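Work through the exercises below with the sequence and the 3D view open. Try each task before reading its solution.

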Amino acid sequence: MKPLRPFEISLSGVNLVEASAGTGKTYNITSLYIRALIERDVTVANLLVVTYTEAATKELKDRLLNRIRESIKVLKDGETSDEADQFLKKLIDHVPNPADAIGKLEKAVRNFDEAAIYTIHGFCYQSLQEQAFESRAMYDAEMIGDDFELVQEAVDDYWRNWTAWVSQNEEKKLLLKLISSEGYTPEKLADELSPFIGKPYLHILPEKTDKEYIEHQLAKLVDSYAKLKEIWFSEMETLFDLLDTGDLSYYTTNKLNKWFGLMDDFLASDLPELDIFTQFYRFKQHEIDNSLKKKALESNAQPPQHNFFKLAEDFHQTLEVVQTYIVVFKKELLIYLREELTHKKEDQQVLSYDDLLLQLRSALLDENRGKKLAQKIRKKYPIALVDEFQDTDPNQYEIFRQIYHGHDQKSALFMIGDPKQSIYSFRGADIFSYLEARRDVPGANVFSLDKNFRSSPMLLEGLNTIWANHDNPFILEDITFNKTAPGQSVDQYDSIT
C-alpha cells in the first residue's frame, strides 16, 4: 500500500484510499478536486462528490469552495505564504498555464451552486430523475424518507389475513400461540423486519424451510400430546415408581414430586403449550438412560423403560421442528412486505431512502438497460469522489461498481475511508462490502494516508505501540493496523498538560 501523494496519483481508474481519523481525508479530497477541475477540464456539475450525511455534505461544500478560492489566490500571486499547506505550495509548480487554471477555477466559483456534492441518497435520486427512462423510476415521486408507517400498514394487513387463516383449524391455532408466546405483535414484527426490507442481498438462515413439513409435524405434535395425556393420567403412579428407585442421579423423591407437578399442569390443557417447562427433558428416555448412578451400573441395573418416556422424547423433537415455524413466518412476511410496499408506493407515488438505492441498483443490474444507464451516469460524472466509504453497504457499493469498474481510463472513482470503522454495523456500515471493494481494486491503486495532523505525537506513539503489538487487532485478517506518524513537527502542537 502506497502513501497517497495528491500530485502523483492518476486521475483515472478505480482507487481506494485508506485513512485513519485525523490523517487528512477531506484535505486530500479537496486537493484531488482542484486537480480534476484544472487537469480534466470538468465543471463542478460533472465532478461528483458523495458522502453519507447532510451535515458532511454541507461541510464538504464549504471546504471545497474555500479550497478553490485559496488555489485561485495562490495562482494569481505566484507564491505562497509560510502558513500555506503543502498542496498549495506545490500547486504553482504543477500548473503549466496559471492563467488557464485561474479561469477554470473562477468559473467553478461562479457555478458552484451547481456543484454535484450529494449524500448517497441525493445522488441516487438525482440519477433516477435525470435518467427516468433508462432507470424506469417513478418520475416526480414524492420523497417520504422514512416509510415505517407504510410498513406497519402492510404488516397489519398480513397479520389480519394470517390470523383468519389459522383460526379456521383448531390445530393451526397453535401457530398463533407460538408466535404470540415469543412476544410477537404486528408492531414488534414491523419494527424487527423494517431494517431488512431494503436489503435483498441478505441470506436468511436456515435458507431452506419446508412449511408443509412443519404443518405435518404440528398434527403429529397434537397427536403425541393426546397420547402423553392418556398415559399420564392413567399410569402416573407407575411412572413415579419407575423413576423413584434411587438408581438415577438427580431423580430424588423431592425433585420428582416437583417435576410431576409441572408435568401434571403441562398436560392439563386440550392442546399443548409450545413453551415447555425446563425440567421436561427429565422425562425423555435418552436422559433417563444416561442418568444411572455408577453403583447401579456396576450392579448391572437397567434404566427404567416406558412408552411415556419414548413419547416424551418424540414430542420434544417434534416441538423443536414446529418452533422453526417462526422463521418460516417471518421469511414469508418479509417477502410479502417487499412486494406489497412496492405496490403501495407505486400507487401513492412515494419513495423512501432505501427505495432510491434499490431502484438505482436494480436498474444498473438490469441486463437490458443497465449498461446504457451506467454509461450515461459515467458520462455525466466522469470523476467521482466517495467520502466516508467505510460506511458503505452492498447496495451502495454495487451502484458504484456497476458505473465505474472495468471501464476506460477516462473515468475515475476514488473511494476514501477508514476500514477500521467499517466494523460499526449499527450505523449501517458493512465490513464485508468494504473488503469486497478492496479486493476489486488493483493493488497498485490502493493508497494510504500515513500522517496524523489531529493527535499529539505522544498519543500517536502510544497508539502505535499498543495496536502494532497485536498480530490481528481487528480479528479479521484483512483489516490491519497501519502506524501513523505526526503530520507536523513536535513544536507545532499545543502543549498538553
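**Exercise 1: an aromatic pair between two helices**

Phe266 has a relative accessibility of 5%, so it counts as buried. The model used here is a predicted one.

Task: Classify the pair formed by the rings of Phe266 and Phe315, and state where the two residues lie.

Solution.
- Step 1. The ring centres of Phe266 and Phe315 are 5.9 Å apart. Rings count as a pair if their centres lie within 6.5 Å.
- Step 2. The planes of Phe266 and Phe315 stand at 80 degrees, so the pair is edge-to-face.
- Step 3. Phe266 belongs to helix α11 (residues 253-266) and Phe315 to helix α14, and the two are 49 residues apart, so this pair links distant parts of the chain.
- Step 4. Phe315 has a relative accessible area of 0% and is buried.

**Exercise 2: a second aromatic pair**

Task: How many aromatic pairs does the structure hold, and what kind of pair do Tyr158 and Tyr336 make?

Solution.
- Step 1. The structure contains 27 aromatic pairs.
- Step 2. For Tyr158 and Tyr336, the ring centres are 5.0 Å apart and the planes are at 50 degrees, so the pair is tilted.
- Step 3. Tyr158 is in helix α7 and Tyr336 in helix α15 (residues 325-348); with their positions 178 residues apart, the pair links distant parts of the chain.
- Step 4. Tyr158 is buried at a relative accessible area of 14%, whereas Tyr336 is partly exposed at 22%. The cut-off behind this step is that buried means under 20%.
- Step 5. Tyr158 and Tyr336 also belong to one aromatic cluster, together with Trp159, Trp162, Tyr325 and Phe329.

**Exercise 3: a threonine in a helix**

Task: Is Thr163 buried or exposed, and which backbone atom does its side chain reach?

Solution.
- Step 1. Thr163 sits in helix α7 (residues 148-166).
- Step 2. The relative accessibility of Thr163 is 18%, so it counts as buried.
- Step 3. The Thr163 side chain reaches the backbone oxygen of Arg160, at 3.0 Å.

**Exercise 4: two helices that cross**

Task: Describe how α1 and α4 pack, and sort the residues of their contact by type.

Solution.
- Step 1. Helix α1 covers residues 25-39 and helix α4 covers residues 98-110; their axes are 9 Å apart, and the packing angle is about 115 degrees.
- Step 2. The crossing of α1 over α4 is right-handed.
- Step 3. From α1, the residues Ile34, Leu37 and Ile38 meet Ala101, Lys104, Leu105 and Ala108 of α4.
- Step 4. In this contact of α1 with α4, six residues are nonpolar, none is polar and one is charged.

**Exercise 5: positive phi in two loops**

Task: Where do Asp41 and Asn300 lie, and are they buried or exposed?

Solution.
- Step 1. Asp41 is not a glycine, yet its phi is positive, at about 55 degrees. Asn300, also not a glycine, has a positive phi of about 65 degrees.
- Step 2. Asp41 is placed in the loop between α1 and β3 (47-51). Asn300 is in the loop between α13 (294-298) and α14 (307-323).
- Step 3. Asp41 counts as exposed at 55% relative accessibility, and Asn300 is exposed at 63%.

**Exercise 6: a serine in a strand**

Task: What is Ser352 in contact with, leaving aside neighbours within four places in sequence?

Solution.
- Step 1. Ser352 lies in strand β6, which runs over residues 350-352.
- Step 2. With a relative accessible area of 1%, Ser352 is buried.
- Step 3. Apart from those neighbours, Ser352 contacts Met143, Ile144, Gly145, Asp147 and Lys345.

Definitions and conventions: Residues numbered from 1 in each chain as written. Predicted model: local features only at pLDDT ≥ 70, side-chain atom pairs only at ≥ 80, totals over all residues. Heavy atoms only, no water. Axes fitted to C-alpha atoms, helices over the stretch in contact; angles between N-to-C directions. Helix = DSSP H or I, 4+ residues; strand = E, 2+ residues; numbered from the N terminus. Left-handed = near helix turned anticlockwise from the far one by under 90°. Contact = heavy atoms within 4.5 Å. Nonpolar A, V, L, I, M, F, W, Y, C, P; charged D, E, K, R; others polar. Buried < 20%, exposed > 50% of the residue type's maximum accessible area, 1.4 Å probe, protein only. Polar contact = N/O pair within 3.5 Å; in protein donor to acceptor, adjacent residues only side chain to side chain. Phe/Tyr/Trp six-rings, centres within 6.5 Å; stacked < 30°, edge-to-face > 60°.
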